[in-house]
Amino acid sequence: MDRRRFTGVLLGGAAALASSRLRAQLRTPAAETFGIVPFIGVAERAVRDVDAALRAGLGVETRTLPEAVLFSATWNIPHDRWDVGQVIATARGLMQPPLTRVVGVVATDISPTFPSVCDWRLGDYDRTGLAVSVFRCERNARDETQVRFRLASAALHLAAHSLGMLHCPDTACVMVRARGDLRVIDRTSGRLCMNCHTRLGILAARAGAA
Ligand SMILES: [Zn+2]
Ligand SMILES: [Zn+2]
């Protein structure tokens, strides 16, 4: 084997090892399965984007549930829109084994729960799941691609929060603090940074040991 080829094999081996380590970190011992609940009026593509974001970004399993409706109890009267905490509670009511968490996807505007730990304001989360609003992702968006990026990033961000992840100082990381500024969200890579990947692995290991 010539020297250049040998180096190539070596580098390939190192990359494969790094990626298998990453997969090992991401594999949650108590496997998480997120149930995605599309609420009435949500486009199928939005559901597929959320599904892909969670599978690729967190390495979790997903199941898409049938379309659900929002009830009047979910309406936040002073804010004149759906209460995101109630949306999550409604989705949670549809949970069945093997689902461990739920994701409500809503076409309309929502009121993030106040006070919220998360400052993205495209949805919100609790320990049982999350909800995202397509309407909120559409605000001042330059095109459909940007709306889809925001929705996928918000779903990944909030799902990671629901697993115990905190905000990250890396401005390219999808776990960055946004202070409600969509420009901050638009500038991220839409993915977890290496530090967050490692942290997620540690959390998963702890969850498995608990
Ligand atoms: Zn957040
Ligand atoms: Zn990060």
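**A mixed open sheet and helix α5**

Gly-164, just after α5, takes a positive phi of about 105°. The model is predicted, and the value of phi comes from its coordinates.

The helix that precedes this glycine, α5, runs over residues 144-162. Its length can be checked against its geometry: at 1.5 Å a residue, counted over one less than the number of residues, the 19 residues of α5 should span 27 Å, and because the C-alpha atoms at its ends lie 27 Å apart, the two figures agree.

Helix α5 belongs to a chain with seven helices and eight strands. Five strands make up an open sheet, in which the order is β2-β1-β5-β8-β7 and the pairing is mixed. At the edges stand β2 (61-64) and β7 (123-126), each of which pairs on one side only. From one strand to the next, the twist averages 15°.

Within this sheet, one of the pairings joins β1 and β5. Strand β1 covers residues 33-38 and strand β5 residues 101-106, and the two pair in the parallel sense over five bridges. Strands of a sheet pair through backbone hydrogen bonds, in either a parallel or an antiparallel sense. To locate the register of β1 against β5, take Gly-35: its bridge partner in β5 is Val-102.

Two figures describe the chain as a whole. Of its 210 residues, 39% count as buried. Among contacts between residues at least 6 apart in sequence, 67% join residues at least 24 apart.

Conventions:
Residues are numbered from 1 along each chain as its sequence is written. Chains are lettered from A and ligands numbered from 1 in the order in which they are written. This is a predicted model: local features need pLDDT of at least 70, side-chain atom pairs count only at pLDDT 80 or more; totals for chains, interfaces and linings use all residues. Helices (H or I, at least four residues) and strands (E, at least two) are DSSP runs, numbered from the N terminus. Two strands pair if DSSP finds at least two bridges between them. Axes are lines fitted to C-alpha atoms, for helices over the stretch in contact, and angles run from 0 to 180 degrees between N-to-C directions. A residue is buried if 20 or more other C-beta atoms lie within 10 Å of its own, exposed if 12 or fewer, and partly exposed in between; C-beta atoms are placed from the backbone. Two residues are in contact if their C-beta atoms, placed from the backbone, lie within 7 Å.
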